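Good morning, and thank you for making time for this short presentation. I should like to take you through one structure, beginning with a helix and ending with the cysteines.

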Amino acid sequence: YFYQNNYKKLLDNDFEDFKTLYKIKFPKEKKTSYKSVFLLIEKALKENICRINFAIKNQKKVACTVFLYDKKSAYYLHGFSAVKDKKFSNLSALILEQVKFSFINKINTIDMCGANSPKRADYKSGFDGVLESFFEIYYE
């Protein structure tokens, strides 16, 4: 469906395009909220532990995913689409590209980071992984 509808994938890491698309998708989000997202991604890009890929349609970036990586694991940090298509999620192809990159680089653990609602859990478990409860508590 992705390619049949003239979408293309692009690994770009273009932070400015990510910010622009984010503000289109989440126009009502408070500036302090998105600034923390931007700060995290900007730092991760500088540390070379982040990949951003985009879906492109009609030469325009319309969706993206952001994954963080270390030597053992990949983490699905963010994904969204500015296109409203109820029949199709253009994110799936982008996520699968990130999964493929992980496996090529011998990263076998991919944390989908949050399955805290029924729809989100159904979608993320659809990638044939195993959902595990995960809690970390630190006290200093």
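Before the helix itself, one definition is needed: the expected span of a helix is 1.5 Å times one less than its number of residues. Please also bear in mind that what you see is a predicted model.

With that in hand, consider helix α2, which runs over residues 31-46 and has 16 residues. From its first C-alpha to its last, α2 reaches 22 Å, close to the 22 Å expected at 1.5 Å a residue.

Which residues of α2 are buried? They are Y34, V37, F38, I41 and A44. These residues lie on the same side of α2, because they cover an arc of only 130° around the axis. As for their partners, the buried residues of α2 pack against the helix α1 (15-25) and against the strands β2 (50-57), β3 (60-69) and β4 (73-81). On the face of α2 turned away from this buried side, we find the exposed residues K31, T32, L39, K43 and K46.

Let me now place this helix in the chain as a whole. The protein chain contains 4 helices and 5 strands, and along the sequence they follow the pattern β-α-α-β-β-β-α-β-α. Of the 140 residues in the protein chain, 34% are buried. The protein chain exposes about 10100 Å², with carbon and sulfur atoms supplying 53% of that area. Turning to contacts between residues at least 6 apart in sequence, 60% join residues at least 24 apart.

I turn next to the backbone in two loops. As a general matter, most residues other than glycine have a negative phi. Against that background, N48, which comes just after α2, takes a positive phi of about 60°. N48 sits in the loop between α2 and β2. Is N48 buried or exposed? The residue counts as exposed because its relative accessible area is 66%, and the cut-off for that class is over 50%.

The second case is Q59, which is likewise not a glycine and has a positive phi of about 65°. Q59 belongs to the loop between β2 and β3. With a relative accessibility of 81%, Q59 is therefore classed as exposed.

A residue in a strand comes next. S73 is part of strand β4, and at 11% relative accessibility S73 counts as buried. Which residues does S73 touch, not counting those up to four places away in sequence? The answer is L68, I107 and T109.

Finally, the cysteines. How many disulfides does the structure hold? The number is 0. For C50, the nearest cysteine sulfur is that of C64, 9.9 Å away, and C50 is in no disulfide. The reverse holds as well: C64 is in no disulfide, and the nearest cysteine sulfur to it is that of C50, 9.9 Å away. The reasoning rests on a cut-off, because a disulfide is a pair of cysteine sulfur atoms within 2.5 Å. As to their surroundings, C50 is buried, with a relative accessible area of 4%, and C64 is also buried, at 0% relative accessibility.

To close, I would return to α2, where Y34, V37, F38, I41 and A44 are buried and pack against α1, β2, β3 and β4. Thank you; I welcome your questions.

Conventions: Residues are numbered from 1 along each chain as its sequence is written. This is a predicted model: local features need pLDDT of at least 70, side-chain atom pairs count only at pLDDT 80 or more; totals for chains, interfaces and linings use all residues. Side-chain values use heavy atoms; hydrogens and water are left out. Buried means under 20% relative accessible area, exposed over 50%, partly exposed in between (1.4 Å probe, protein chains only). Helices (H or I, at least four residues) and strands (E, at least two) are DSSP runs, numbered from the N terminus. Contact means heavy atoms within 4.5 Å. Accessible areas come from the Shrake-Rupley method with a 1.4 Å probe; for residues, only the protein chains shown count as cover. The arc is that of the directions from the helix axis to the C-beta atoms.
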